[in-house]
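Work through the exercises below with the structure open beside you. Try each task before you read its solution.

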Amino acid sequence: MKVAVLGGGPSGAFAAERLATAGVRTVLIDEKLAWEKPCGGGLTYKAYHEYPFLIDNHTPKRIVRETVLAAPKAGSVTLHLRDPLVIYSRYDLNNMLLCRADKAGAQIEKTRITEMARTGTGWKLRTKTGAIDADFCVVATGARNPLRSAGTTLTQQDTMSALGYFVPGNRDHIDIQFLENLEGYIWVFPRSGHLSVGICGKGVPASELRKQLEHHMDQYSIPPEGSTFYSHLLPCLETQAWKHNRVAGDGWMAVGDAAGLVDPITGEGLYYAVRSADLAARTLLNEATDKTEQAYRWLLHRDFAADLELGSRLAQRVFHGHYMFGAVPARMIQFTRRSPTFRAVMQDLFSGTQNYIGLKGRLLRNLNGSIFEIMGSFGFGRLVPRKDSVA
Ligand SMILES: Cc1cc2nc3c(=O)[nH]c(=O)nc-3n(C[C@H](O)[C@H](O)[C@H](O)COP(=O)(O)OP(=O)(O)OC[C@H]3O[C@@H](n4cnc5c(N)ncnc54)[C@H](O)[C@@H]3O)c2cc1C
């Protein structure tokens, strides 16, 4: 069996590594190979805990232990991260993953795929430089997947714009700024040698997002001199789209952004790129039969896609909802500042260990504790229960 992996970003490179390691004849094709893909480059604890090589390596990276969250009418709060965020430049991360695939024995080709055509039970891939035959395709061509016949179909409602600047500079912490009426946020991520300053937002034209970001940079004295502009699409599937998401078909499976596998609230995609590549490789190694399609769909659903689907339902409420007469992002900042119980929830959300499916129950269980702590922080000391009785 010969597998062609179309695209060599994190999802493609990891799928190729997994397949080649298992002895499958694997060819990976990417038009750019390692490149500085527009991205924050942040990896959560969930990612490097599951795949330790994402932190245990000699590739340049920043390990950041502090994040400052801010929202209109709520000021800011500093969260000392129990599990730090690891931040890479995407050139470095992609390069590391491609080197691992190469070392595992995958054949790496630098060319653009222009067409994938079914030939009986196999595929003929036309590229800018010739043609490649394969028995099976793993589609990893990202959010701008040009291969219309495979991968998720992203409508305008299923994406958000994400853009920003790579700015020369250094700092020790991450900034996350929520904005009024925006389903998205601004981030400032420190990376090796520069900052990634960006904004993502759903349903807002990119030009408007850029204006808001530049206003923020101006306000916070982040100088645009010497910086490089970037922009890209971020899959952000609506609930309906999750239900009919085209993640696999006859002779192919899609992974990472090409399958729309991005958290609709946080925009986290790197973990899901690597994880889906792992699940696709496992499916192919165990189930190289006509059941591959269903097996992969089921594995994805059980592993994380059901949770992301729930995230798509919560997104509106997180960014536009109100709680106790205040906007949810503002309440999040205030609760984080005043309630250790709520702060623990935020820690777990940041590290990726709190999923959306368990979130509602946990918030409800801890609500009384949080409210007592908040009142206590305003000086209603007698109402605060003893620490050991807080849930
Ligand atoms: C601005 C921005 C910030 C982000 N920040 C974060 C973050 O901090 N943390 C996080 O977890 N996620 C983040 N994401 C999401 C993350 O970047 C993606 O989820 C991740 O890159 C998906 O990996 P992938 O391998 O599926 O796709 P990609 O990384 O997009 O890789 C696709 C590859 O396919 C190749 N390709 C495409 N078409 C062809 C073709 N026809 N022929 C040959 N090759 C082709 C491309 O060259 C590319 O290398 C961000 C996204 C954006 C846009």
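The exercises that follow use a predicted model and go from the ligand to a pocket, a helix and single residues.

**Exercise 1. The ligand and its nearest residues**

Task: Find which residues come nearest to the ligand, and give the polar distances for Ser 11, Asp 30 and Arg 90.

Solution:
- Step 1. Start with the shell. It holds 36 residues around the ligand. Ser 11, Asp 30, Gly 40, Arg 90 and Asp 257 come nearest.
- Step 2. Take Ser 11. An N or O atom in its side chain is 2.8 Å from an oxygen atom of the ligand.
- Step 3. Take Asp 30. Here a ligand oxygen and an N or O atom of the side chain are 2.6 Å apart.
- Step 4. Take Arg 90. From an N or O atom of this side chain to an oxygen atom of the ligand is 2.8 Å.
- Step 5. Turn to surface area. The ligand taken alone exposes 1000 Å², and the protein buries 96% of that.

**Exercise 2. The make-up of the shell**

Task: Say which elements give two or more residues to the shell around the ligand, and sort the shell by class.

Solution:
- Step 1. List the elements. They are α1 (10–21), β13 (184–191), β15 (228–235) and α6 (270–286).
- Step 2. Pick out the one that gives the most. That is β15, with four residues.
- Step 3. Sort by class. The shell has 15 nonpolar residues, 14 polar ones and seven charged ones.

**Exercise 3. The second largest pocket**

Task: Give the volume of the second largest pocket, and describe its lining.

Solution:
- Step 1. State the volume. It is about 260 Å³.
- Step 2. Look at the lining. It has 14 residues, and Glu 180, Asn 181, His 322, Ala 327 and Pro 329 are the closest to the pocket's centre.
- Step 3. Name the elements. Two or more lining residues come from each of α7 (292–320), β19 (326–327) and α8.
- Step 4. Sort by class. Seven lining residues are nonpolar, five are polar and two are charged.

**Exercise 4. A helix and its cover**

Task: Work out why helix α8 is largely enclosed by the rest of the structure.

Solution:
- Step 1. Locate the helix. α8 covers residues 328–338.
- Step 2. Fix the cut-off. Buried means under 20% relative accessible area.
- Step 3. Name the residues of α8 that are buried. They are Val 328, Pro 329, Ala 330, Met 332, Ile 333, Gln 334, Phe 335 and Thr 336.
- Step 4. Conclude. Eight of the 11 residues are buried, so α8 is largely enclosed by the rest of the structure.
- Step 5. Follow one residue of the helix outward. Ala 330 is 256 residues from Ala 74 in sequence, but their C-alpha atoms are 5.0 Å apart.
- Step 6. Place that partner. Ala 74 sits in the loop between β4 (62–71) and β5 (75–87). Ala 74 counts as buried, at 8% relative accessibility.

**Exercise 5. Positive phi**

Task: Locate Leu 33 and Ser 221, and give the phi of each.

Solution:
- Step 1. Recall the usual case. Most residues other than glycine have a negative phi.
- Step 2. Check Leu 33. Its phi is near 55 degrees, a positive value. Leu 33 belongs to the loop between β2 (25–30) and β3 (42–43).
- Step 3. Check Ser 221. Its phi is about 50 degrees, also positive. The loop between α4 (206–219) and β15 holds Ser 221.
- Step 4. Add the exposure of Ser 221. At a relative accessible area of 62%, Ser 221 is exposed.

**Exercise 6. Buried, partly exposed or exposed?**

Task: Place Thr 159, Pro 52 and Asp 250 in the structure, and class each as buried, partly exposed or exposed.

Solution:
- Step 1. Set the limits. Buried is under 20%, exposed is over 50%, and partly exposed is in between.
- Step 2. Place Thr 159 in strand β11 (residues 159–168). Its relative accessible area is 11%, so Thr 159 is buried. A polar atom of the Thr 159 side chain lies 3.1 Å from the backbone oxygen of Gln 156.
- Step 3. Place Pro 52 in the loop between α2 (45–50) and β4. Its value is 40%, so Pro 52 is partly exposed.
- Step 4. Place Asp 250 in the loop between β16 (248–249) and β17 (252–254). Its value is 55%, so Asp 250 is exposed.

Key:
Residues are numbered from 1 along each chain as its sequence is written. This is a predicted model: local features need pLDDT of at least 70, side-chain atom pairs count only at pLDDT 80 or more; totals for chains, interfaces and linings use all residues. Side-chain values use heavy atoms; hydrogens and water are left out. A residue is near a molecule or strand if one of its heavy atoms lies within 4 Å of it. A polar contact is a pair of N or O atoms within 3.5 Å; within protein, one must be able to donate a hydrogen and the other to accept it, and residues adjacent in sequence count only if both atoms are side-chain atoms. Accessible areas come from the Shrake-Rupley method with a 1.4 Å probe; for residues, only the protein chains shown count as cover. Ala, Val, Leu, Ile, Met, Phe, Trp, Tyr, Cys and Pro count as nonpolar, Asp, Glu, Lys and Arg as charged, and the others, Gly among them, as polar. Buried means under 20% relative accessible area, exposed over 50%, partly exposed in between (1.4 Å probe, protein chains only). On a 1 Å grid over the protein atoms alone, a cavity is a set of points where a 1.4 Å probe fits but cannot get out, and a pocket is an open set with protein on both sides within 12 Å along at least five of seven lines; lining residues have an atom within 4 Å of a point. Grid points are joined across faces, edges and corners, and a volume is the space filled by probe spheres set on the points.
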